[in-house]
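Me: Please take a close look at one part of this structure and tell me how it sits against its surroundings. I would like a connected account rather than a list.

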Amino acid sequence: MSHFAAAVVRDVNGWTAAELDITGAADVDDVAERLRDVDPDAKVSLLFVESDDTFLAIVRLDEGDDLRVFGSDSAFVSESRLGSVLLADIDLPEADAAPADDDRPQLADPVGDADLLSDLGVPAPRLLALCGREGMLPSDVTAEVCQLVGCGDEIEELRDA
């Protein structure tokens, strides 16, 4: 499974973006430690993890603490080692016992703290709507969220590098 992990950190001078290697991370605390290392003095640290053009996870640290995590779809946990690393500590919904209707499109099942970006201009309903919008790839959601938060240019430059 391929993935892209972009850290954006904000200090008194604004936002900075860096690609983050989370390969081999043991758990979400290990990922958080790697995110802290990007800028230990950052007021806000965000990590956007896109996996296989299907899943998105967002990790947030405020002043190096208060770890919060959001996942675009609970299936990320069962379909990927990376998903289980990032979302293992989140209470996942129980599987629906009803058989799936093959004609019905499968909807994403977001998990975690959808409010983690509310104070940065992306309230939970907006984040959930972006993740659920048909045709939106995780990279599209990341780009739009980052534009709203104010670090869109930094993410775009990181992707272009």
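Reply: In this predicted model, the buried residues of helix 5 pack against strand 2, strand 3, strand 4 (55-62), helix 4 (124-132) and helix 6. The residues concerned are Pro-138, Val-141, Thr-142, Val-145, Cys-146 and Val-149, each of them with under 20% relative accessible area. They cover an arc of only 125° around the axis, which puts them on the same side of helix 5. This fits the general rule that an α-helix has 3.6 residues a turn, so residues three or four places apart point the same way.

The length of the helix can be checked as well: the twelve residues of helix 5 (residues 138-149) should span 16 Å at 1.5 Å a residue, and the C-alpha atoms at its ends are 16 Å apart, which agrees. Just after helix 5 comes Gly-150, which takes a positive phi of about 110°. Helix 6 (residues 152-160), one of the elements that the buried residues of helix 5 pack against, itself lies across strand 1, strand 2 and strand 3, and runs at about 25° to strand 2.

As for the strands, they belong to an open sheet of six with the order 2-1-3-4-5-6 and antiparallel pairing. Strand 2 (14-19) and strand 6 (111-112) stand at its edges with a single partner strand each, so one side of each has no neighbour in the sheet. Further in, strand 1 (residues 3-11) pairs with strand 3 (residues 44-51) in the antiparallel sense over eight bridges, and within strand 3 it is Ser-45 that serves as the bridge partner of Val-9.

Conventions. Residues numbered from 1 in each chain as written. Predicted model: local features only at pLDDT ≥ 70, side-chain atom pairs only at ≥ 80, totals over all residues. Heavy atoms only, no water. Pairing = 2+ DSSP bridges. Helix = DSSP H or I, 4+ residues; strand = E, 2+ residues; numbered from the N terminus. Contact = heavy atoms within 4.5 Å. Axes fitted to C-alpha atoms, helices over the stretch in contact; angles between N-to-C directions. Expected span 1.5 Å × (residues − 1). Buried < 20%, exposed > 50% of the residue type's maximum accessible area, 1.4 Å probe, protein only. Arc of directions from axis to C-beta.
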